[in-house]
Amino acid sequence: MKKIDLSSAEDAAPEVDSGLLIGWLDRTDLARELTLSVDTLQRWETRRMGPPCVRVGRKVLYRMEAVRDWLREQEARKAGVGRAVAGRR
């Protein structure tokens, strides 16, 4: 059996784990991380109420830092509402 040298083919092809998507999650990963369903994230995207996302073809990606910022905004919004209600009493 003849041995095929793939070194030139490997040099020409881009590396699969190039690090381009480090710091990004797909919808399934984010749903798992937040213990939500993928359908919930889909609904939030449609209603523009969830974390910001980017579409690449059919793939939906979330930048981890943007998700963290969104979570902080949700926390601040809840804290602000609680203070306003408490101040009216």
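**Exercise 1.** Find how many salt bridges the structure holds, and describe the one that Asp29 forms.

*Solution.* We begin with the criterion: a salt bridge is a side-chain nitrogen of Lys or Arg within 4 Å of a carboxyl oxygen of Asp or Glu. By this rule the structure holds 7 salt bridges. This is a predicted model, in which local features need pLDDT of at least 70 and side-chain atom pairs count only at pLDDT 80 or more, while totals for chains, interfaces and linings use all residues. Residues are numbered from 1 along each chain as its sequence is written, and side-chain values use heavy atoms, with hydrogens and water left out. Asp29 pairs with Arg32, and their closest N and O atoms are 3.1 Å apart. Both residues lie in helix 2, 3 residues apart, about one turn of the helix; helices here are DSSP runs of H or I with at least four residues, numbered from the N terminus.

**Exercise 2.** Determine which residues of helix 2 and helix 3 meet, and sort them by character.

*Solution.* Taking contact as heavy atoms within 4.5 Å, we find Arg27, Thr28, Leu30 and Ala31 of helix 2 against Val38, Leu41, Gln42 and Glu45 of helix 3. The residues of this contact divide into 4 nonpolar, 2 polar and 2 charged, where Ala, Val, Leu, Ile, Met, Phe, Trp, Tyr, Cys and Pro count as nonpolar, Asp, Glu, Lys and Arg as charged, and the others, Gly among them, as polar.

Notes
Helices (H or I, at least four residues) and strands (E, at least two) are DSSP runs, numbered from the N terminus.
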